Amino acid sequence: MEKIIANTFTPLYDAVEDRILLIINYEDINNRVDFMITRSFLLKILPSMEEFMFRHYGLEESQSNTSSTAGTASTPKKSTPTDFANLELFAKEKELLQEVNFTYNEKNQQTILRLSSKKSSVVASLEYSMLESVKNAIKKAIPHFEWGFSINF
């Protein structure tokens, strides 16, 4: 299984597949992974993610609601606009996201996020604000009306 360190997260709705496309490292062809997230899997991930964040970080303020989020273990960055030309240029085979794991590191107060499919495993170390940004970006990509989700989901 290929292991990749995530530097950027870009979620988009794919109307043809009727799934959320979560692109990891969209500008890095050698480390890019295109995960597809089904509606039913998303209904499991987001509440679990929010519960994990509440348990480990408490009631911290939400940060950003943008569609592309960048960050690394050593130098977290704020959200940046997506370069859609590169997004399409470096597109890879889409993989179905099958597992998401969160691990809290007490020492540095960061979360280790692991995303896995049959072929790839992606790891990111995120501070609270970046984890919140990833969550909000995924929520923003949800086609609320088509999927029957409340706008406040």
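**Surroundings of alanine 91, the nonpolar core and the enclosed cavity**

Apart from neighbours within four places in sequence, alanine 91 is in contact (heavy atoms within 4.5 Å) with Arg32 and Asp34. The model is predicted, with local features requiring pLDDT of at least 70, side-chain atom pairs counted only at pLDDT 80 or more, and totals for chains, interfaces and linings using all residues. Residues are numbered from 1 along each chain as its sequence is written, and side-chain values use heavy atoms, with hydrogens and water left out. Alanine 91 lies in the loop between helix 2 (84–89) and strand 6 (94–96); helices (H or I, at least four residues) and strands (E, at least two) are DSSP runs numbered from the N terminus. Its C-alpha atom is separated by 8.6 Å from that of valine 33, the two residues being 58 apart along the chain. Alanine 91 counts as partly exposed because its relative accessibility is 45%, where buried means under 20% relative accessible area, exposed over 50% and partly exposed in between (1.4 Å probe, protein chains only).

Valine 33 is also among the residues touched by isoleucine 24. With residues up to four places away in sequence not counted, the contacts of isoleucine 24 are Ala6, Thr8, Phe9, Asn31, Arg32, Val33, Phe35, Leu115 and Val122. In the largest nonpolar core (buried Ala, Val, Leu, Ile, Met, Phe, Trp, Tyr and Cys residues joined through side-chain atoms within 4.5 Å), which has 35 residues, Phe9, Ile24 and Leu115 touch the most other members. At least two residues of this core come from each of strand 3 (19–24), strand 4 (33–37), helix 1, strand 7, strand 8, strand 9 (120–126) and helix 3. Helix 1 supplies the largest share, eight residues.

One cavity of 30 Å³ or more is present. A cavity is a set of points on a 1 Å grid over the protein atoms alone where a 1.4 Å probe fits but cannot get out, and lining residues have an atom within 4 Å of a point. The volume of the largest cavity, taken as the space filled by probe spheres set on points joined across faces, edges and corners, is about 100 Å³. Its lining comprises 14 residues, of which Leu22, Ile45, Val100, Leu115 and Ile138 are the closest to the centre. Helix 1 (39–57), strand 7 (99–105), strand 8 (110–116) and helix 3 (128–141) each contribute at least two lining residues, and helix 1 gives the most, with four.

Of the 14 residues of helix 3, 13 are buried.

Key. On a 1 Å grid over the protein atoms alone, a cavity is a set of points where a 1.4 Å probe fits but cannot get out, and a pocket is an open set with protein on both sides within 12 Å along at least five of seven lines; lining residues have an atom within 4 Å of a point.
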